[in-house]
Amino acid sequence: AQPPRPCLTIDRLSQPVRQVSNQIKTANFAIDVTPEGHGADDDTAEIYKGYLRRIQNQARDESPIEWAADGAIEGGLGWFRLRTDYVDQNPEPDAGIEAFAQAPVLERISNSLSVYCDPSANKPTRSDAQYMFVTEDIQRDEFKQRWPWADTRGLDDFMSSGDPKMKSWVSQDIIRIAEYWRVTHTEELLVALADGSIREMPRKEGARVKPPKDVDGLAVDAWRVVRRPTVEGWKINAVETLEELPWVGSRIPLIPVLGEELNVDGDIILRGIISEGMDAQRMVNYTYSGAMETFALAPKSPFVAAAGQVEQYKDIWQTANTYNYS
């Protein structure tokens, strides 16, 4: 058995992390809206800007952007989300259609590693992702309360599956659920005719695009295929769909905040401050731990005795390096 050895941690990474984090917390992330084309004007832009800033102000307590930025500073990746919620949480029966009014809200995602993004997405905002997952572990009792009709028997069978990767979806007390988001596209063929009008032409899905040469006797001057995105979302467990998550936007409402992004042999590497400082931190820890160990084991007695001189003081001599005898 080896005696216990000191293993000290001299924190040299929190200071630069907090320094960058504080700069982000004091920055102004207010959204600005500028009118550009399609009949836009300054008054409409001001209305949109005020509404977007209201959404940001309502999210100040949760600080979703700052939370995601801290994840990017430390580990290179953080996530926050946009969702809709009912304006009136407890509407009266006579509230009318306003009982169904919803408003966008910003929320933080506490565990950045619970988001699984489409690996083919390349944009910094990952707005080109075609699918994403967000996992969440909840208590079995809460699961039964929220979805009492769900087939828990199927989950128990899933728990006994031989695949070790699948067992993490359900345990004795915890059940994992996930949000599954995907983007589907419908294609439309638009043609510009000689008289300046625009027509949408029917086309068979998956068929090769063959624009007509003329429409109703008018020559086709230009054509293009428009891919219109539709976002679909579901909440699922390991064996079935629990509920649908309607969304009217054209992009998946999960937004990343990235640290330093590198492309190494085709693989995307994300890193923050800590990853580059780990070796230096280990060196400091080893150095101080070794120094403390040397100081602790150094003999306190400044003399050396010849053999036989301390024969009658064996007990004292054996502890001369740990006790200060006169």
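Let's start with Trp234, which is buried, at a relative accessible area of 18%. The cut-off for calling a residue buried is under 20%, so Trp234 falls inside it with its 18%. One thing to keep in mind throughout: this is a predicted model.

What does Trp234 pair with? Take a look at Tyr131 and Phe133 before we get to that. By the ring rule, the count comes to four aromatic pairs. One of them joins Tyr131 and Phe133, which meet edge-to-face, with 6.4 Å from centre to centre and 70° between the planes. Planes over 60 degrees apart count as edge-to-face, so the 70° of this pair earns it that label. Tyr131 is partly exposed, at a relative accessible area of 31%, and Phe133 is partly exposed too, at 28%.

Now for the partner of Trp234: the ring is that of Tyr180, and the two centres are 5.7 Å apart. Their planes sit at 25°, so this pair is stacked. Tyr180 belongs to strand β5, residues 174–193, while Trp234 belongs to strand β8, residues 218–236. The pair therefore ties together parts that are 54 residues apart in sequence. Tyr180 is partly exposed, with a relative accessible area of 23%, whereas Trp234 is buried. Put the names together and you have one aromatic cluster, made of Tyr131, Phe133, Tyr180 and Trp234.

Let's see how the strands run around these residues. Strand β4 covers residues 131–139, and β3 pairs with β4 in the antiparallel sense over three bridges. Within that, Tyr116 has Phe133 of β4 as its bridge partner. On to the next pairing: β4 and β5 are also antiparallel, over nine bridges. Which residue in β5 is the bridge partner of Tyr131? That would be Arg182.

There is another ring to look at elsewhere, Trp67. Arg108 lies over the face of Trp67, at 3.8 Å from the ring centre.

Next, the empty spaces. How many cavities of 30 Å³ or more turn up in a search of the whole structure? The search finds one. About 80 Å³ of space lies in this largest cavity. If you want to find it on the screen, pick out Phe29, Gln56, Ala59, Arg60, Ser63, Pro64, Ile65, Glu66 and Leu106, which line it. Helix α3, residues 64–75, gives the largest share of that lining, with three residues. By class, the lining of the cavity divides into five nonpolar, two polar and two charged residues.

Then we come to the pockets. The largest pocket has a volume of about 430 Å³. It is lined by 17 residues, and the closest to its centre are Arg83, Thr84, Glu243, Leu245 and Pro246. Which strand supplies the largest share of this lining? The strand is β1, with six residues. At least two residues each come from β1 (77–86), β2 (102–108), β5 and β9 (241–244). So β5, home of Tyr180 in our stacked pair, turns up again in the lining of the largest pocket. As for class, the lining of the largest pocket has seven nonpolar, two polar and eight charged residues.

The second largest pocket holds about 340 Å³ of space. Its lining has 13 residues, and those nearest its centre are Cys117, Pro119, Arg126, Ile268 and Leu270. Here β1, β3 (115–117) and β12 (267–271) each supply at least two residues. The largest share, three residues, comes from β3, and β3 is the strand we met pairing with β4. How does this lining divide by class? There are ten nonpolar residues, one polar and two charged.

One last stop, at Glu293. You'll find Glu293 in helix α6, residues 273–297. Is Glu293 buried or exposed? Glu293 is buried, with a relative accessible area of 19%. For a sense of distance, Glu293 and Gln130 are 163 residues apart in sequence and 55 Å apart in space, C-alpha to C-alpha.

To wrap up, here are some things to find when you turn the model yourself. Begin with the cluster of Tyr131, Phe133, Tyr180 and Trp234. From there, go to Arg108 over the face of Trp67. Finish with the largest pocket, where Arg83 and Glu243 are among the residues closest to the centre. Thanks, everyone!

Conventions:
Residues are numbered from 1 along each chain as its sequence is written. This is a predicted model: local features need pLDDT of at least 70, side-chain atom pairs count only at pLDDT 80 or more; totals for chains, interfaces and linings use all residues. Side-chain values use heavy atoms; hydrogens and water are left out. Rings of Phe, Tyr and Trp (its six-membered ring) pair if their centres lie within 6.5 Å; planes under 30 degrees apart count as stacked, over 60 as edge-to-face and the rest as tilted. Buried means under 20% relative accessible area, exposed over 50%, partly exposed in between (1.4 Å probe, protein chains only). Helices (H or I, at least four residues) and strands (E, at least two) are DSSP runs, numbered from the N terminus. A charge sits over a ring if NZ of Lys or CZ of Arg is within 6 Å of the ring centre and within 35 degrees of the ring normal. On a 1 Å grid over the protein atoms alone, a cavity is a set of points where a 1.4 Å probe fits but cannot get out, and a pocket is an open set with protein on both sides within 12 Å along at least five of seven lines; lining residues have an atom within 4 Å of a point. Grid points are joined across faces, edges and corners, and a volume is the space filled by probe spheres set on the points. Ala, Val, Leu, Ile, Met, Phe, Trp, Tyr, Cys and Pro count as nonpolar, Asp, Glu, Lys and Arg as charged, and the others, Gly among them, as polar. Two strands pair if DSSP finds at least two bridges between them.
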